[in-house]
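Colleague: I would like a close look at a single part of this model, taken slowly and with its surroundings included. Could you choose one part and walk me through what lies around it?

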Amino acid sequence: MRFVIQVCSRADVRVDQKIVGKIDQGFLVLIGIGQEDTIEIADAMVEKMLKLRILPDENGKTNRSLADVNGSLLLISQFTLYADCHHGNRPNFLKAKAPDEAEAIYEHIIEKCREKVPNVEHGMFGAEMQVNLTNEGPFTILLDSDEVVRQPK
């Protein structure tokens, strides 16, 4: 599983020109779900993300978590995070989980986040979306379950 976490002062997602999710200060998170990902991996990734101290304190140091600043989340499904570009110029997405299984895990991630974060917004799984954000810093972190959750082989 891969989370691309972008610290933002504002973000929104639109489907058919209509805003379906919008936040102010917090994280815009692009979520890629791989073939071997499970609910347990999703839970561990959410816990790690929510504990990250990547927001600035009063001295400008990255020392605060999302909870410390009462921040929001905007969660976007992004299967293209599993693009394989090793061969040729056209990526394949064979490492991404099948859509029906991925959607179930994505919905679980949304619900897990809502247990701990007061404002959780999200895009529409499988839809063509337009995502806008003001990335602060810019500050972007990649969490990969192969490094964060699973033990090295």
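Modeller: What follows is a walk outward from one central strand, first to the strands beside it, then to the core and the helix, and finally to a few backbone details.

Please keep in mind throughout that this is a predicted model. The part I would choose is strand β3, which spans residues 26-32 and is mostly covered, with 7 of its 7 residues buried. Strand β1, residues 2-15, runs antiparallel to β3 and is joined to it by 7 bridges; within that pairing, I5 stands opposite V29 of β3. Strand β6, residues 72-77, pairs with β3 in the parallel sense over 6 bridges, and here I31 of β3 stands opposite S77 of β6. When you look along these strands, it helps to remember that in a regular strand the side chains alternate between the two faces of the sheet.

From the strands we can turn to the nonpolar packing. The largest nonpolar core has 30 residues, and those with the most contacts inside it are F3, F27, M49, L73, L75 and I109. The elements that give two or more residues to this core are β1, β3, α1 (39-51), β6 and α2 (99-114), so that the chosen strand and both of its partners described above take part, as do two helices. Apart from this core lies another one, of 11 residues, which includes A11, V13, L28 and M129.

One residue of the larger core, I109, shows how its pieces come together: leaving aside neighbours within four places in sequence, I109 is in contact with M1, F3, I31, A42, V46 and L75. In I31 you will recognise the residue of β3 that stands opposite S77 in β6.

Helix α2 deserves a closer look of its own. The helix has 16 residues and reaches 22 Å from its first C-alpha to its last, close to the 22 Å expected at 1.5 Å a residue. Its buried residues are A102, I105, Y106, I109, I110, K112 and C113. Because these residues cover an arc of only 165 degrees around the axis, they lie on the same side of α2. The elements they pack against are β1, β3, α1, β6 and β7 (120-122), which brings us back to the strand we began with.

I110, which is also found in helix α2, has a relative accessible area of 0%, and it therefore counts as buried. Not counting residues up to four places away in sequence, I110 touches L75, V120 and H122. I110 and G126 are 16 residues apart in sequence, and their C-alpha atoms are 15 Å apart in space.

Going back to strand β1, we can follow its pairing on to another strand. β1 and β2 (18-23) run antiparallel and are joined by 5 bridges, and in β2 the bridge partner of V13 is G21. D12, also in β1, counts as buried because its relative accessibility is 4%, which falls under the 20% cut-off for that term. The side chain of D12 makes a polar contact of 3.0 Å with the side chain of R10. Beyond the residues up to four places away in sequence, D12 touches I19, G21, K22, L74, Q130, V131 and N132; G21 among these is the bridge partner of V13.

Some backbone details remain, and they are best read with a general point in mind. Most residues other than glycine have a negative phi, and most peptide bonds are trans. D16, in the loop between β1 and β2, has a positive phi of about 50 degrees although it is not a glycine, and the hairpin of β1 and β2 to which this residue belongs has 2 residues between the strands. With a relative accessible area of 66%, D16 is exposed. N70 is likewise not a glycine and has a positive phi of about 55 degrees; its place is in the loop between β5 (62-64) and β6, and at 58% relative accessibility N70 counts as exposed. Finally, a cis peptide bond joins G137 and P138, with omega at about -5 degrees, and the place of P138 is in strand β8, residues 130-144.

Notes: Residues are numbered from 1 along each chain as its sequence is written. This is a predicted model: local features need pLDDT of at least 70, side-chain atom pairs count only at pLDDT 80 or more; totals for chains, interfaces and linings use all residues. Side-chain values use heavy atoms; hydrogens and water are left out. Buried means under 20% relative accessible area, exposed over 50%, partly exposed in between (1.4 Å probe, protein chains only). Helices (H or I, at least four residues) and strands (E, at least two) are DSSP runs, numbered from the N terminus. Two strands pair if DSSP finds at least two bridges between them. A polar contact is a pair of N or O atoms within 3.5 Å; within protein, one must be able to donate a hydrogen and the other to accept it, and residues adjacent in sequence count only if both atoms are side-chain atoms. Contact means heavy atoms within 4.5 Å. A nonpolar core is a set of buried Ala, Val, Leu, Ile, Met, Phe, Trp, Tyr and Cys residues joined through side-chain atoms within 4.5 Å. The expected span of a helix is 1.5 Å times one less than its number of residues. The arc is that of the directions from the helix axis to the C-beta atoms.
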